[in-house]
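Hi,

Here is the structure I promised to pass on. Have a look at it first, and my notes follow underneath.

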Amino acid sequence: MKEVVEAIKKANKVLVVGHIMPDGDDISSVLSLSKGLRSIGKEVISGIDWKIPWIFEELEEVKDIVDYQKFLDSGFDPKLMVVVDVSSPDRIGDFQNLIGKIPVAVIDHHATNDEFANFNWVDKSFGACAQMVMRVNKELGVKYDENLATINLMGILTDTGFLRFPNADARVYEDATELVKLGGKPHKISSMILENKRIEQFHLFADVLEKMKIELDGKLVYSYITQEMYKKHGCTDEDSSGFVHELRSIRGVEVAIMFMEIRPKLVHVSMRSKEWFDLSQFAKSIGGGGHPRAAGASIEGKDVFEVMDYVIPKLKEEMSRGEKS
Ligand code: 5GP
Ligand code: MN
C-alpha cells in the first residue's frame with residue numbers, strides 16, 4: 001500500500017480506471033478514489049471502457065466517468081494511472097494502451113491478480129476493493145462527507161451481497177460501520193440496487209427459469225440467455241447480472257452459472273459457488289478469473305450453446321473430484 005500511496009502523492013494528474021462490465025465495487029472504487037484525490041487538490045479523470053449499467057445512473061458522479069475514446073478526446077495528460085478492482089490488463093479495455101507509457105498502480109482484491117502494474121497493492125483478504133480504497137484515502141488525509149461515505153459504502157455492500165456472503169468478515173462490518181458513522185446511507189444503496197427492477201427483467205428471468213438445468217444431484221444449476229431472448233424481452237446484459245445469485249439461492253446448490261450472450265458470439269460466463277468449490281481457479285482455466293466464490297469469463301467466437309458444451313463437462317468433472325477451497 002505504501003508504494004501505491006507514494007506514487008499517488010507524487011502525481012498531480014491522475015487517471016483512475018476500473019474494469020469492463022463494471023459492478024458496484026468497481027464503480028464505487030473508481031468514484032471514491034477519484035473524489036478523494038480531487039478533494040486533496042489533484043486533477044483527476046475517471047475511466048471505464050464500457051457502458052455503465054443503468055442501475056448506477058442515479059449516482060450523479062457516474063456522468064463523469066469516460067470511456068477510452070472520450071479520455072483521448074479530453075487531451076488529459078495523466079502522470080499516473082491507478083487501476084482498481086482489476087486482476088489483469090485485458091479487463092480495462094483500451095486503457096491497456098497506456099501500460100508501459102505511464103506509471104501504473106493497482107489496488108485490487110482478486111485472488112487471480114497477476115500483478116501487472118509498476119506498483120501493486122493486492123490483498124485478497126479484503127471482501128471489497130472499496131475497503132482498500134478507503135484505506136488509501138485515509139492515508140492521503142482525505143476527509144469524508146456523506147456523499148463520499150455513501151459511494152464508498154456501495155462497494156462494500158455490493159461485493160459482500162449486502163453483508164451476507166462468506167467474505168463479510170468483522171473488518172467488513174467495521175468498515176461499513178465507520179462509513180455509516182461518517183454519514184454514509186446504506187438504504188440509498190440498497191433501494192437503488194435491490195428495489196429498482198424493471199418488469200422486463202422478471203419476464204426475462206421467467207424464461208431463464210424455464211431453460212434452467214439441474215445436475216449432479218442438485219449441486220450444479222445453470223441456465224442461459226441468447227441474443228434472441230434479450231431482444232424478445234427488451235433487455236440487455238445489464239438486466240441479467242443478478243440472475244446468477246437467484247440460481248445460487250436454491251437449496252442444495254453448490255455452483256450456479258449463467259451463460260449470457262451479451263453480444264453476438266460473445267458469451268459472458270458468470271459463476272457463483274456457495275461453500276467449497278474454488279471458482280477462481282476454474283475461471284482461470286477457461287480464460288477468466290475472479291474470487292473463490294464469484295468468478296467469470298468472457299468467451300469470444302462461440303454461441304451460448306457451444307460455450308455450455310465446453311464449460312459444463314469440464315466443470316462437472318472438477319466438481320466430482322471435489323476440489324475445495
Ligand atoms: P461477474 O460474474 O459478476 O461478472 O464476475 C464475478 C467476478 O469474476 C468479479 O470479481 C469479476 O471481476 C471476475 N470476472 C468476471 N469476468 C471475468 C473475466 O472475463 N476475466 C477475469 N479475469 N475476471 C472476471
Ligand atoms: Mn470487487
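To start with the cysteines: a disulfide here is a pair of cysteine sulfur atoms within 2.5 Å. By that rule, the count is zero disulfides. Keep in mind that this is a predicted model. As for how exposed two of the cysteines are, a residue is called buried when its relative accessible area is under 20%. Cys129 has a relative accessible area of 0%, so it is buried. Cys235 comes out at 7%, so it is buried as well.

Next, the domains. The protein chain splits into domain 1, covering 2-194, and domain 2, covering 199-324. Taken over C-alpha atoms, their centres are 26 Å apart.

Now for the part I spent my time on, the interface. On the domain 1 side, 13 residues are in contact with 16 residues of domain 2. Together the two domains bury about 1200 Å² between them, and carbon and sulfur atoms give 57% of that area. Which three residues supply more than any others of the area that domain 1 buries against domain 2? They are Met21, Trp54 and Thr112, with 43% of it.

On the polar side of things, there is one salt bridge between domain 1 and domain 2. In a salt bridge between side chains, Glu238 meets Lys51 at 3.1 Å, N to O. Five residue pairs are in polar contact across the interface, counting pairs with both residues at pLDDT 80 or more. Sorted by class, the side of domain 1 that touches domain 2 has eight nonpolar residues, three polar ones and two charged ones.

If you open just one view, try the interface with Met21, Trp54 and Thr112 shown, given their 43% of the area that domain 1 buries against domain 2.

Cheers

Notes: Residues numbered from 1 in each chain as written. Chains lettered and ligands numbered in written order. Predicted model: local features only at pLDDT ≥ 70, side-chain atom pairs only at ≥ 80, totals over all residues. Heavy atoms only, no water. Buried < 20%, exposed > 50% of the residue type's maximum accessible area, 1.4 Å probe, protein only. Domains from an automatic or database assignment. Contact = heavy atoms within 4.5 Å. Buried area = accessible area lost by both parts, 1.4 Å probe. Salt bridge = Lys/Arg side-chain N within 4 Å of Asp/Glu carboxyl O. Polar contact = N/O pair within 3.5 Å; in protein donor to acceptor, adjacent residues only side chain to side chain. Nonpolar A, V, L, I, M, F, W, Y, C, P; charged D, E, K, R; others polar.
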